[in-house]
Amino acid sequence: MPANLTPQYLEADKRFKAAKTVEEKVAALEEMLALIPKHKGTEHLQGDLKRRLAKLKAEAEQARRRRGGFSISVDREGAGQVVLVGPPNAGKSSLLACLTNAQPEVGEYPFTTGRPVAGMMQFVNIQIQLVDLPAVSDEYMEPWVPSLVRPADLALLVADLSGPSALEDIETVTGILERSKVALVPLNSPLPPVGWTQVETLILGNKVDAPSAEAALEIVQSYLGSRFPIHAVSAHSGRGLEPLRRLIYDGLKIVRVYSKPPGKEPSMQSPVVLRRGSTIVEMAGSIHKDFARQLKYARVWGGTKFSGQRVQRDYVVQEGDVIELHI
Ligand SMILES: Nc1nc2c(ncn2[C@@H]2O[C@H](COP(=O)(O)OP(=O)(O)O)[C@@H](O)[C@H]2O)c(=O)[nH]1
Ligand SMILES: [Mg+2]
């Protein structure tokens, strides 16, 4: 059945196609819906318009919220995304400032950090993204904090060893996040129940320079040490920070391999970063998507096992492998 669209409708359709903003598109679509002849022949088109309108309105709402404040998501960068979570004043922002180029506000009063602040941490020849989040506490938590913990590859739960309540604070923080079905879990935990997100977690006892810190650390160790990796650091003295870079890298479960063009030297300064357990095909695909398909075989130079040995497409790459792809 012909739709018999009116010239007015077609005008509105033109306006829709020329629209630059979401608001203009919404206005044009609403007009089109009002003007469209209502009969069987246009049912499909009506449905289509309604769907597009609903989608655009949701987008407009999102854009409006973003304009109202700041972006509450952090674009991923580097070899992995690691969030700093913890109670107020634990030293999350101080640690971010020590480990990255970022310059978050550090304050003696709680809730200094009202928005996420990201910085890049150098680990040997790669960069890892650290994201400082606002405090998680019973008094107040920015409602979007759990949604930023969720996509992270790893969490650093920062506790304050200078105070009396490091252990309680850790339990409070995990409890609050669990209300949003976000579980901070030890490394290598089994899969979470349906509907839950779990983020593997390293506990950092910060301010280990403080007088009573060793005793506080022992308490945390004795209660949680059998499950979680616990690492003592001081943003002030710098203690534990260099080993922390390695712990974070290991917690991300990634490997660095080096691509070598046939007949040339590999570039050891720019590794290809892959999840542990990735194969040569996945490595090829991460360099160029056609490479995965075109790959015939590869030669590998690794620790002791390989010296230019030929491997097949399903070879699982190892940390430090130098790989020559043949396509
Ligand atoms: N003694 C000591 N104080 C620290 C250390 N790290 C941070 N602080 C202090 O703790 C307070 C809170 O630090 P901040 O980084 O803003 O904590 P955040 O609220 O967790 O981001 C500030 O006064 C810092 O100077 C540390 O390693 N040792
Ligand atoms: Mg802070």
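**Exercise 1. Find the residue with a positive phi in the hairpin of E2 and E3.**

Solution. Go to the hairpin formed by E2 and E3, where 2 residues lie between the strands. Val124 has a positive phi there, near 50°. Keep in mind that this model is predicted.

**Exercise 2. Work out how strand E3 pairs with E2 and with E1.**

Solution. Start with E2, residues 117-123. E2 and E3 run antiparallel, joined by 7 bridges. Met121 has Ile128 of E3 as its bridge partner. Now take E1, residues 81-85. E1 pairs with E3 in the parallel sense, over 4 bridges. Here Val83 is matched with Val131 of E3.

**Exercise 3. Decide whether strand E3 is mostly covered or not.**

Solution. E3 spans residues 126-132. A residue is buried if 20 or more other C-beta atoms lie within 10 Å of its own. By that test, 5 of the 7 residues of E3 are buried. The strand is mostly covered.

**Exercise 4. Trace the open sheet that contains E8 and E12.**

Solution. Write down the order: E9-E8-E12-E10-E11, 5 strands with mixed pairing. Next, mark the edges: E9 (272-275) and E11 (307-311) each pair on one side only. Neighbouring strands are turned by 35° against each other on average, direction ignored. Look inside the sheet: E8 (254-259) and E12 (322-326) run parallel, with 2 bridges. Tyr258 stands opposite Val322 of E12. Finally, add helix H9 (280-287), which lies across E8, E9, E10, E11 and E12. H9 runs at about 130° to E9.

**Exercise 5. State how far apart the centres of domain 1 and domain 3 are.**

Solution. Locate domain 1 at 7-68 and domain 3 at 255-326 in the domain assignment. Their centres, taken over C-alpha atoms, are separated by 49 Å.

How values were computed:
Residues are numbered from 1 along each chain as its sequence is written. Chains are lettered from A and ligands numbered from 1 in the order in which they are written. This is a predicted model: local features need pLDDT of at least 70, side-chain atom pairs count only at pLDDT 80 or more; totals for chains, interfaces and linings use all residues. Domain bounds come from an automatic or database domain assignment. Two strands pair if DSSP finds at least two bridges between them. Axes are lines fitted to C-alpha atoms, for helices over the stretch in contact, and angles run from 0 to 180 degrees between N-to-C directions. Two residues are in contact if their C-beta atoms, placed from the backbone, lie within 7 Å. A residue is buried if 20 or more other C-beta atoms lie within 10 Å of its own, exposed if 12 or fewer, and partly exposed in between; C-beta atoms are placed from the backbone.
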